[in-house]
Amino acid sequence: MIRRMQEEQGHEKSACSSSSQMEALTALCDTLLPSLDVSSVDDDDSLIQFYQTSASMAATPHALSVFGERNTTPEDLLERRAVWLLSTRIGTFLLCGRKSLSGNFPYFQRFSRVSQEEREKILLSWSDS
């Protein structure tokens, strides 16, 4: 079923105009729905495979991008701008603050390069603001 969705969506126009924007959207999706390792908890292979499937493995970023292209409300345009900002180093810093900085050069990094743990903290801080 997922493969069929990917094939159908592969022919539709995406709202992400660059690969860096798709990387930012993928990082957002994988932060919200990451793959989980439950192999030590359960022996059921299908359950383990289910939990190890992240949002990007299920083609969620592409589906959201195609869905975003179909909608042209002001909120959708704002979401596209946010994804565009997150695809850049300075935009990530503007939206995410110090949590997006790296201790090594280059200090400013795109959202997709921020660690999973820091991305989770960033999204949690957004929910509180």
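These are my notes from looking through a predicted model of one protein.

**Ground rules**

I number residues from 1 along each chain as its sequence is written, and my side-chain values use heavy atoms, with hydrogens and water left out. As the model is predicted, local features need pLDDT of at least 70 and side-chain atom pairs count only at pLDDT 80 or more, while totals for chains, interfaces and linings use all residues.

**Overall build**

I started with the secondary structure and found 7 helices and 0 strands. I took helices (H or I, at least four residues) and strands (E, at least two) as DSSP runs, numbered from the N terminus. Along the sequence the pattern reads α-α-α-α-α-α-α.

Next I looked up burial: 29% of the 129 residues are buried. My cut-offs are under 20% relative accessible area for buried, over 50% for exposed and partly exposed in between (1.4 Å probe, protein chains only).

For contacts (heavy atoms within 4.5 Å), I took those with a separation of 6 or more, and 54% of them join residues 24 or more positions apart.

**Surface**

The protein exposes about 8800 Å², and carbon and sulfur atoms supply 56% of that. These areas come from the Shrake-Rupley method with a 1.4 Å probe; for residues, only the protein chains shown count as cover.

I also noted a nonpolar surface patch made of Ile90, Leu94, Leu101, Phe105, Tyr107 and Phe108, with about 670 Å² of accessible area together. Patch members need over 30% relative accessible area and no salt bridge; like charges are joined within 9 Å, and nonpolar side chains (Val, Leu, Ile, Met, Phe, Trp, Tyr) within 5 Å. Leu101 sits in the loop between helix H6 (89-96) and helix H7 (116-128). At a relative accessible area of 33%, Leu101 is partly exposed.

**Salt bridges**

How many salt bridges does the whole structure hold? My search gave 4, counting a side-chain nitrogen of Lys or Arg within 4 Å of a carboxyl oxygen of Asp or Glu.

One of them joins the side chains of Arg113 and Glu23 (3.8 Å, N to O). Arg113 lies in the loop between H6 and H7 and Glu23 in helix H2, so this pair ties together parts that are 90 residues apart in sequence. Glu23 is partly exposed at 30% relative accessibility. I found Glu23, Arg110 and Arg113 linked in a network of salt bridges.

Arg110 is also in the loop between H6 and H7. Beyond neighbours within four places in sequence, the contacts of Arg110 include Ser20, Glu23 and Leu86. From Arg110 to Ile90 I got 7.8 Å, C-alpha to C-alpha, with their positions 20 residues apart in sequence.

In helix H7, Lys121 pairs with Glu117 (3.5 Å, N to O). Those two are 4 residues apart, so about one helical turn separates them. Lys121 also bridges to Glu118 (3.5 Å, N to O). Glu118 is partly exposed at 23% relative accessibility, and Lys121 is partly exposed too, at 36%.

**A buried Asp**

Last, I checked Asp30 in helix H2 (residues 19-32). Which side chain of opposite charge is nearest to Asp30? It is Arg119, 5.9 Å away, and the buried Asp30 has no salt bridge. For charge, I counted Lys and Arg as positive and Asp and Glu as negative, leaving out His and the chain ends.

The side chain of Asp30 does make a polar contact with the side chain of Ser54 (3.5 Å). That term covers a pair of N or O atoms within 3.5 Å; within protein, one must be able to donate a hydrogen and the other to accept it, and residues adjacent in sequence count only if both atoms are side-chain atoms. Setting aside neighbours within four places in sequence, Asp30 is in contact with Ser54, Ala55, Ser56 and Gln116.
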